[in-house]
Amino acid sequence: MKILAIGDVTSPSGIEHLKRNLWKFREENKIDFCVVNGENAAFITGISPELAEVLLRAGADCISGGNHTLRNKRAYGFLDECDSILRPVNFGDSAPGRGYTILDCMGYRMLVINAMGQVHIEPTLDSPFTHIDSVLKREAGNYDFSILDIHAEATGEKLAVGYAYDGKINMIFGTHTHVQTADSQILPNGTGYISDVGMCGESEGILGMDAETVVIRMRSNLPYSFKAASGKCRADGVIFTLDTSKGVVTDVECISF
C-alpha cells in the first residue's frame with residue numbers, strides 16, 4: 001500500500017496546483033491514500049469550506065490542520081460535519097471539529113491523527129503525547145493502520161514524537177516549517193518518519209511568502225502584510241510504502257511535483 005503525505009498548502013494557488021495535478025500524480029504512482037495539510041490554504045487564515053471541498057475533490061482523502069486552522073470561523077461548521085478534515089487533537093474537546101478520524105483505505109481502516117507541538121509555536125496547547133495516547137487507547141481494535149501529522153516547529157520535538165510512537169503508529173510526518181527535511185527514515189520498530197514534508201505553493205520566496213515583504217518585516221519589526229510568493233507552484237511530500245501483511249513501512253520516498 002502507498003500513502004502520500006503533502007506538506008502545508010500555503011495559498012489558494014497551491015490548491016489550484018493540486019486540483020490540476022494531484023489525481024494524475026496519484027495514478028502514475030499508484031497512491032492508495034493521500035493526506036494533505038491544508039491549514040494555510042486560505043493564505044495564513046486557516047481553510048475555508050469552499051477550499052476544503054476543492055481539495056477533497058482534487059484527490060485528498062484527508063485534510064490535516066495546524067495552528068492556523070481555527071482562525072477561519074467560517075470553517076467551524078464544516079470541521080464539525082466532515083470526517084475527512086482535522087484540526088490538532090490537543091486543541092481539546094471544546095474546539096470545533098475533531099483531532100482524528102478513521103477512514104476507509106482499500107478496505108482497511110486507516111486511523112489519521114493530527115497533533116500540534118508545544119515548542120516555539122502558538123497557541124501553546126496541552127501535551128501532544130497525552131492526547132495521542134488517549135486516541136490510541138480509545139480506538140484500540142477499531143483500526144488497521146495509522147498515520148500521524150505532527151504539526152510543530154522544533155525538529156527535536158517531532159523526533160521525540162517519532163520515537164515515542166515507533167511501532168505504535170505506522171507513519172509519522174511533520175508539518176509547519178514548510179521546508180522538506182533530509183531525515184526521511186524507517187525507525188527501528190518499522191514506523192516511517194520524516195520531520196517535515198515541505199509545502200505546496202509558489203516556489204519563489206520564503207516559505208511561500210514574498211521574500212521582499214518578509215525581509216522588510218524582519219528588518220523593521222513593523223507589521224507589513226504578507227504577500228504570496230511568486231513563481232511556479234510545487235507540491236512537496238513523501239510516499240510511504242506500507243507492508244500490510246507485517247504492518248511495517250518498507251520505504252519513505254521524498255517527492256516534489
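I took buried to mean under 20% relative accessible area. The model I looked at is a predicted one.

**Entry 1: His 178**

I looked up His 178 with that cut-off in hand. Its relative accessible area is 8%, so I noted His 178 as buried. The residue sits in the loop between strand 8 (171–175) and strand 9 (185–186). I also checked its backbone: phi of His 178 is near 70 degrees, a positive value in a residue that is not glycine.

**Entry 2: Lys 30**

I then turned to Lys 30, where phi is also positive, at about 55 degrees, although the residue is not a glycine. Is Lys 30 buried or exposed? I found a relative accessible area of 63%, and exposed means over 50%, so Lys 30 is exposed. I placed Lys 30 in the loop between helix 1 and strand 3 (33–37).

**Entry 3: a cis peptide bond**

I looked at the peptide bond between Glu 122 and Pro 123 and recorded it as cis, with omega about -5 degrees. Pro 123 belongs to the loop between strand 6 (108–116) and helix 4.

**Entry 4: helix 1 against helix 2**

I followed the axes of helix 1 and helix 2 (residues 49–58), which come within 8 Å and cross at roughly 20 degrees. Angles under 35 degrees count as roughly parallel, and I therefore entered helix 1 as roughly parallel to helix 2. I noted the crossing of helix 1 and helix 2 as left-handed. On the helix 1 side I listed Pro 12, Ile 15, Leu 18, Lys 19, Leu 22 and Trp 23. From helix 2, the contact is made by Leu 51, Val 54, Leu 55, Arg 57 and Ala 58. Sorted by class, the contact of helix 1 with helix 2 holds nine nonpolar, no polar and two charged residues.

**Entry 5: helix 4 against helix 5**

I did likewise for helix 4 (residues 128–138) and helix 5 (residues 155–164). Their axes come within 11 Å and cross at roughly 30 degrees. With the cut-off for roughly parallel at under 35 degrees, that makes helix 4 roughly parallel to helix 5. I recorded a right-handed crossing of helix 4 and helix 5. Which residues meet here? Helix 4 brings Pro 128, Phe 129 and Ile 132, and helix 5 brings Glu 157, Ala 160, Val 161 and Ala 164. By class I have six nonpolar, no polar and one charged residues in the contact of helix 4 with helix 5.

**Entry 6: aromatic pairs**

How many aromatic pairs does a search of the whole structure find? I noted three. One of them is Phe 25 with Phe 257. The ring centres of Phe 25 and Phe 257 are 4.2 Å apart and the planes stand at 15 degrees; planes under 30 degrees apart count as stacked, so I entered the pair as stacked. The pair links distant parts of the chain, 232 residues apart: Phe 25 is in helix 1 (residues 12–29), and Phe 257 is in the segment after strand 13 (248–256). I found both Phe 25 and Phe 257 buried.

**Entry 7: Asn 114 and Arg 109 in strand 6**

I picked Asn 114, which lies in strand 6. Its relative accessibility is 0%, so Asn 114 counts as buried. Leaving out residues up to four places away in sequence, I listed its contacts as Ser 64, Gly 65, Gly 66, Leu 86, Arg 87, Pro 88, Val 89, Gly 99, Leu 148 and Asp 149. I also took the C-alpha distance from Asn 114 to Ile 147: 8.6 Å in space, 33 residues in sequence.

Arg 109 lies in strand 6 too. I noted Arg 109 as partly exposed, with a relative accessible area of 35%. Apart from neighbours within four places in sequence, Arg 109 is in contact with Ile 102, Leu 103, Gly 141, Asn 142, Tyr 143, Asp 144 and Phe 145. Its C-alpha is separated by 18 Å from that of Gly 59, which is 50 residues away along the chain.

**Entry 8: Gly 201**

I last looked up Gly 201, in strand 11 (residues 199–202). At 0% relative accessibility, I put Gly 201 down as buried. Not counting residues up to four places away in sequence, Gly 201 touches Thr 10, Gly 14, Lys 232, Cys 233 and Arg 234. From Gly 201 to Gly 7 I have 9.5 Å, C-alpha to C-alpha, across 194 residues of sequence.

Conventions
Residues are numbered from 1 along each chain as its sequence is written. This is a predicted model: local features need pLDDT of at least 70, side-chain atom pairs count only at pLDDT 80 or more; totals for chains, interfaces and linings use all residues. Side-chain values use heavy atoms; hydrogens and water are left out. Axes are lines fitted to C-alpha atoms, for helices over the stretch in contact, and angles run from 0 to 180 degrees between N-to-C directions. Helices (H or I, at least four residues) and strands (E, at least two) are DSSP runs, numbered from the N terminus. Angles under 35 degrees count as roughly parallel, over 145 as roughly antiparallel, 65 to 115 as roughly perpendicular and the rest as oblique. A crossing is left-handed if the near helix is turned anticlockwise from the far one by less than a right angle, and right-handed if clockwise. Contact means heavy atoms within 4.5 Å. Ala, Val, Leu, Ile, Met, Phe, Trp, Tyr, Cys and Pro count as nonpolar, Asp, Glu, Lys and Arg as charged, and the others, Gly among them, as polar. Rings of Phe, Tyr and Trp (its six-membered ring) pair if their centres lie within 6.5 Å; planes under 30 degrees apart count as stacked, over 60 as edge-to-face and the rest as tilted. Buried means under 20% relative accessible area, exposed over 50%, partly exposed in between (1.4 Å probe, protein chains only).
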